[in-house]
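Thank you all for coming. Please have the sequence and the structure open in front of you, and I will talk through them slowly, one part after another.

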Amino acid sequence: MVEVLVALLVLAVGLLGILSMQARGLQLNQLAYLQSQAMFSAQDIIERIRANQGAILSYDIGLADSTDDTSGPCSDASRCASTDMAAYDLHRWKTELTRSLPGGKGAVIVGAPSGDLYPVTIQVQYQQGDTYTYQMEVTL
């Protein structure tokens, strides 16, 4: 009888270890998912800037800055001024960040040009217990 109890104790300890590893695996999987979402969001705004490079300086926005949808009739299918399209793009991007990431915020930092090229830094910040920041740097 004692041997059976010892075997059950060893089995219980082993199962608790497996359960702990499973919980940690799920937690890390969620962090990886959020990191992927941050990367996709950064790539999205880079492509929007690339498509509207004439208004590249209009895309400069900080993490705490908010946007409003005052771009008027701008939409993906309509034509509008490049600065209005930049405001529209930023509004959609910031809205998507708050929808897809917990505590999602974003910043676009456009640096001083070197010839015709501008260094652009994208920061995406989100909360998952701690605050995480994903940063992408490109030259457009």
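Read from its beginning to its end, the chain follows the pattern α-α-β-β-β, which comes to 2 helices and 3 strands. The radius of gyration is 23 Å, well over the 14 Å that the globule rule gives for 140 residues, so the chain is more spread out than a compact globule. Please keep in mind throughout that this is a predicted model, and that every value I mention has been computed from it.

You can see the spread in the C-alpha trace, which spans about 85 × 35 × 25 Å along its principal axes. Of the 140 residues, 31% count as buried, and the accessible surface comes to about 8700 Å², with 58% of that belonging to carbon and sulfur atoms. If we take the contacts with a separation of 6 or more, residues 24 or more positions apart account for 54% of them.

Let me turn to the helices. Helix α1 covers residues 2-51, and its 50 residues should span 74 Å at 1.5 Å a residue, which agrees with the 74 Å between its end C-alpha atoms. Where along α1 are the buried residues? They are Leu 34, Gln 37, Ala 38, Ser 41, Ala 42, Ile 45, Ile 46, Arg 48 and Ile 49, and what covers them includes α2, β1, β2 and β3. As you look at that list, it may help to remember that an α-helix has 3.6 residues a turn, so residues three or four places apart point the same way.

Helix α2, at residues 82-100, has 19 residues and reaches 26 Å from its first C-alpha to its last, close to the 27 Å expected at 1.5 Å a residue. Its buried residues are Met 85, Ala 86, Tyr 88, Asp 89, Leu 90, His 91, Trp 93, Lys 94, Leu 97 and Ser 100, and their cover includes α1, β1 and β2.

Ser 100, which is found in α2, shows how the two helices touch. Because its relative accessibility is 16%, and buried means under 20%, Ser 100 counts as buried. Leaving aside its neighbours within four places in sequence, Ser 100 is in contact with Leu 34, Gln 37 and Ser 41, and these three residues are also among the buried residues of α1.

Between the helices there is a loop, and I would like to pick two residues from it. Asn 52 lies in this loop between α1 and α2, and at 9% relative accessibility it counts as buried. Which residues does Asn 52 contact, if we leave aside its neighbours within four places in sequence? The answer is Tyr 59, Ser 82, Met 85 and Ala 86. The C-alpha atoms of Asn 52 and Asp 89 are separated by 9.6 Å, although the two residues are 37 residues apart along the chain. Asp 65 lies in the loop between α1 and α2 as well, but Asp 65 is partly exposed, with a relative accessible area of 42%. Its C-alpha atom is separated by 9.6 Å from that of Lys 94, which is 29 residues apart from it along the chain.

That leaves the strands. Strands β1 and β2 run antiparallel and are joined by 6 bridges, and in one of these Ala 107 has Gln 123 in β2 as its partner. Strand β2, residues 119-128, also pairs with strand β3, residues 130-139, in the antiparallel sense, this time over 10 bridges. Along that pairing, Ile 122 stands opposite Met 136 in β3, and Gln 127 stands opposite Thr 131. β2 and β3 form a hairpin with 1 residue between them, and Gly 129 in the turn has a positive phi of about 80°.

Is β2 enclosed or open? Since 7 of its 10 residues are buried, β2 is largely enclosed by the rest of the structure.

To finish, please look for the aromatic rings, where the structure holds 1 aromatic pair. Tyr 126 and Tyr 132 form this pair, and it is stacked, with 5.7 Å centre to centre and 20° between the planes. The two partners are covered to unlike degrees: at 1% relative accessibility Tyr 126 counts as buried, whereas Tyr 132, at 27%, counts as partly exposed.

Notes:
Residues are numbered from 1 along each chain as its sequence is written. This is a predicted model: local features need pLDDT of at least 70, side-chain atom pairs count only at pLDDT 80 or more; totals for chains, interfaces and linings use all residues. Side-chain values use heavy atoms; hydrogens and water are left out. Two strands pair if DSSP finds at least two bridges between them. Helices (H or I, at least four residues) and strands (E, at least two) are DSSP runs, numbered from the N terminus. The expected span of a helix is 1.5 Å times one less than its number of residues. Buried means under 20% relative accessible area, exposed over 50%, partly exposed in between (1.4 Å probe, protein chains only). Contact means heavy atoms within 4.5 Å. The radius of gyration is taken over C-alpha atoms; the globule rule is 2.2 Å times the number of residues to the power 0.38. Accessible areas come from the Shrake-Rupley method with a 1.4 Å probe; for residues, only the protein chains shown count as cover. Rings of Phe, Tyr and Trp (its six-membered ring) pair if their centres lie within 6.5 Å; planes under 30 degrees apart count as stacked, over 60 as edge-to-face and the rest as tilted.
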